[in-house]
Structures are given as C-alpha cells and as structure tokens.
Amino acid sequence: MSVLVVGSVALDSVETPFGKVENVLGGSASYFSIAASLFTDVHVVAAVGNDFPDDHIELLKSKNIDVTGLEKEKNGQTFRWEGKYGYDLGDPDTLGTHLNVLETFDPVIPDEYKDIDYVFLANIDPEVQMKVLDQVNSPKLVACDTMNFWIENKLEELKETLKHIDILIINDSETRELAGEPLITNAARKIMEMGPKTLVCKRGEYGALMFSGDDIFFAPSYPLEEIFDPTGAGDTFAGGFMGYVAGNGSMNPEDFKKGVAYGSVLASFTVEDFSVNRLRNVKQNDLEGRLADFLKLSKI
Ligand code: AMP
C-alpha cells in the first residue's frame, strides 16, 4: 500500500568537521520519500519556491515518487535551513531557519490521495500537519515527526496534532523536551498520554527504542564505518520504517520492529555523504546486505 507524506522540501546549508555545502537538497519530506520509495509508492505534499532547481524534482520523479502535490510557488523562496555539527555529530546548532514559502503553506490534498491508508506527517509546522489530517479519509495508520523548533514555537498546536496520530517518531532530546521529563521511560509514558499509542525514540548511534503500551523494544544502530553528515538521518529512518510497514500493508507490531531495523539501516547510508548523495544511490542489495549484518548484532 502507498504512503502519503507531508513535510519540508528544503535547500540546506550544512557544515560538519569534514566539509561544508550550501543550498543542497534537504527537507524532511525529501529524505523520507527517497527512503520510503525503496519499499512502496510515495505521494508527496509540500511547497517550494521559484528558486528550487528542477533537477531535484527530476531526482524525486526518477525514484517513482509522485510529486503532483509538490507546489512550486511563483512568488516565493524555498524553505532554507542552516546547521553546523561539532565533532560529536549529535544535535546540530541551527544557524538559520528561513520558513519562506512554508510561512503561508496551506496544503491541498489532491482527491486521489485522500483514501491513502498510510500517512506520514514529516517534520513541518504542526498546523500544516493538522490541515492534512483534516482532509484525508480515515487512514489506517498515521505517524508523525517533529523537532525542537516546533516544540518551542508551537507547542499547543503540536499537542493538538498528537491527539490524532498513532505513532510518533522523534529523537532522544525531543522526547525529553516534549515531555518535560529527563528519564526516557517516564517521558515516553507522558507522550503516549498525549495521544500516540506508539513512540519510536531515535537515539543516534545508540539505537532506537519503541514504546507501545507497556512493551519496550530496543534495536541497536548500524555500526558505521564512516560518518560525514548526520543531516536527514531521522527522516530517512522514518522513511525506512513507514515505507516497510506500508509496503506490507501492515499494522502488526512485529512489522513495526522490522520497520525500525530497515529505518536504522537506511539512516546509516544517509550519514555517509552530504544531502541525499549516498541515499539516492542505495540499491536493494546494499540494503539487504546491511540488514543481514544488522540482524546479527543482537541475535543470541
Ligand atoms: P533530520 O532528519 O532530523 O536530520 O532532519 C534534517 C532536515 O530537517 C533538514 O534537511 C532540514 O531541511 C529539515 N528541517 C530543519 N528545520 C526544520 C523545520 N523547522 N521544519 C521542517 N523541516 C526542518
């Protein structure tokens, strides 16, 4: 079954200890879609400005990603994000967030997308996420991501969105910040009380935890041989997770666990280069090769 994703499509400027790039393809929906396209059909709803290069749109199309819902606004500039990572390659310092066309983005879901069963609300303004949910017809599964920017700037709107979703996929520091609670298990419980039945908490090189009711599942992260730029790892993880689950038309918690494994493995490709440069070239056999190694990691 296919996935509908709403999120940011961006031009990122990123600096890591290993190099620097300006105005490269980024955005939560971009990484998500390319990752999910390895498993299933993906339909994107997003907005870019008149400065957005056609080559990037062609790249998405070449992955069979449906961009009918990607609006190119004639009188606006694309969303831009600038970030800098230190040697720990953990949370970046955000040097700039220029919402540009996202400031006024009013998503219109094409009629042919309204019955899609799997919906992913990638990192974007929670009010935009809610406007998408208002337009779709009872999807089977809604998953959602967010970040500190929205927790700090639109908490009430975010809490409203959380009431309507099934799975929240966020990182460690966002989990603690959203719950206002330092201990991760307590934070997870508080977040599940806000709405989502399942919380997937990404912990970078320390793996991922999935909380569902009283169950806790842990998966390690793929032991990297190379890390160049962590940008997009979280969105790629979500794309692997949701792509796998939707591709199997599943609602089964065992498949959620496999989704976590695919998400972790795909994120390990993204971090090997800037932007989507490595992710875009991942082939099915690369993915299955790393998955086999990944599964051995915690087999007793
Ligand atoms: P991550 O997977 O968490 O590393 O996400 C990185 C992507 O998030 C970058 O490519 C940015 O363009 C995008 N991004 C950064 N800030 C925001 C924001 N406030 N809203 C939506 N997307 C964002």
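## Tour: rings, a serine, two cysteines and a helix

Start by selecting Tyr-87. Its relative accessible area is 69%, so Tyr-87 counts as exposed. Keep in mind that this is a predicted model.

**Stop 1: the aromatic pairs.** How many aromatic pairs does the structure hold? There are nine. Add Phe-18 to the selection and you have one aromatic pair, Phe-18 with Tyr-87. Its ring centres are 6.3 Å apart, and the planes meet at 90°, an edge-to-face arrangement. Now show the backbone around both rings. Phe-18 sits in the loop between strand E2 (10-16) and strand E3 (19-26). Tyr-87 sits in the loop between strand E6 (79-84) and strand E7 (93-98). The two are 69residues apart in sequence, so the pair ties together separate parts of the chain. Is Phe-18 buried, partly exposed or exposed? Phe-18 is partly exposed, at a relative accessible area of 39%.

Next, select Phe-149 and Trp-150. Their ring centres lie 4.7 Å apart with the planes at 90°, so this pair is edge-to-face. Colour the two by accessibility. Phe-149 comes out partly exposed at 25%. Trp-150 comes out buried at 7%, given that buried means under 20%.

Go back to Phe-18 and Tyr-87, and add Phe-228 and Phe-274. Ring pairs join these four residues into a cluster.

One more ring: select Phe-269 with Arg-290. The charged end of Arg-290 sits over the Phe-269 ring, 3.9 Å from the ring centre.

**Stop 2: Ser-33.** Select helix H1 (residues 28-36) and find Ser-33 in it. Ser-33 is buried, with 1% relative accessibility. What is Ser-33 in contact with, leaving aside its neighbours within four places in sequence? Show Val-5, Val-42, Val-44 and Ile-65. Then pick out the backbone oxygen of Ala-29, which lies 2.5 Å from a polar atom of the Ser-33 side chain. For a distance check, draw a line between the C-alpha atoms of Ser-33 and Gly-7. They are 9.8 Å apart in space and 26 residues apart in sequence.

**Stop 3: the cysteines.** How many disulfides does the structure hold? Zero. Select Cys-144 to see this. Cys-144 is in no disulfide, and the nearest cysteine sulfur belongs to Cys-201, 15 Å away. A disulfide needs the sulfur atoms within 2.5 Å. Cys-144 is buried, at a relative accessible area of 0%. Move on to Cys-201. Cys-201 is in no disulfide either, with the sulfur of Cys-144 as its nearest, 15 Å off. Cys-201 is buried too, at 0% relative accessible area.

**Stop 4: helix H7.** Select residues 184-193, which form helix H7. Which residues of H7 are buried? Highlight Ile-184, Ala-187, Ala-188, Ile-191 and Met-192. Now turn the view to look down the axis of H7. The buried residues fall within an arc of 135°, so they line one face of the helix.

What covers them? The cover of the buried H7 residues includes strand E10 (167-171) and helix H6 (172-179). It also includes strand E11 (198-202) and strand E12 (208-212). Show these elements together with H7.

Finish just past the helix. Gly-195 follows H7, and its phi is positive, near 150°.

Notes. Residues numbered from 1 in each chain as written. Predicted model: local features only at pLDDT ≥ 70, side-chain atom pairs only at ≥ 80, totals over all residues. Heavy atoms only, no water. Phe/Tyr/Trp six-rings, centres within 6.5 Å; stacked < 30°, edge-to-face > 60°. Helix = DSSP H or I, 4+ residues; strand = E, 2+ residues; numbered from the N terminus. Buried < 20%, exposed > 50% of the residue type's maximum accessible area, 1.4 Å probe, protein only. Lys NZ or Arg CZ within 6 Å of the ring centre and 35° of its normal. Contact = heavy atoms within 4.5 Å. Polar contact = N/O pair within 3.5 Å; in protein donor to acceptor, adjacent residues only side chain to side chain. Arc of directions from axis to C-beta.
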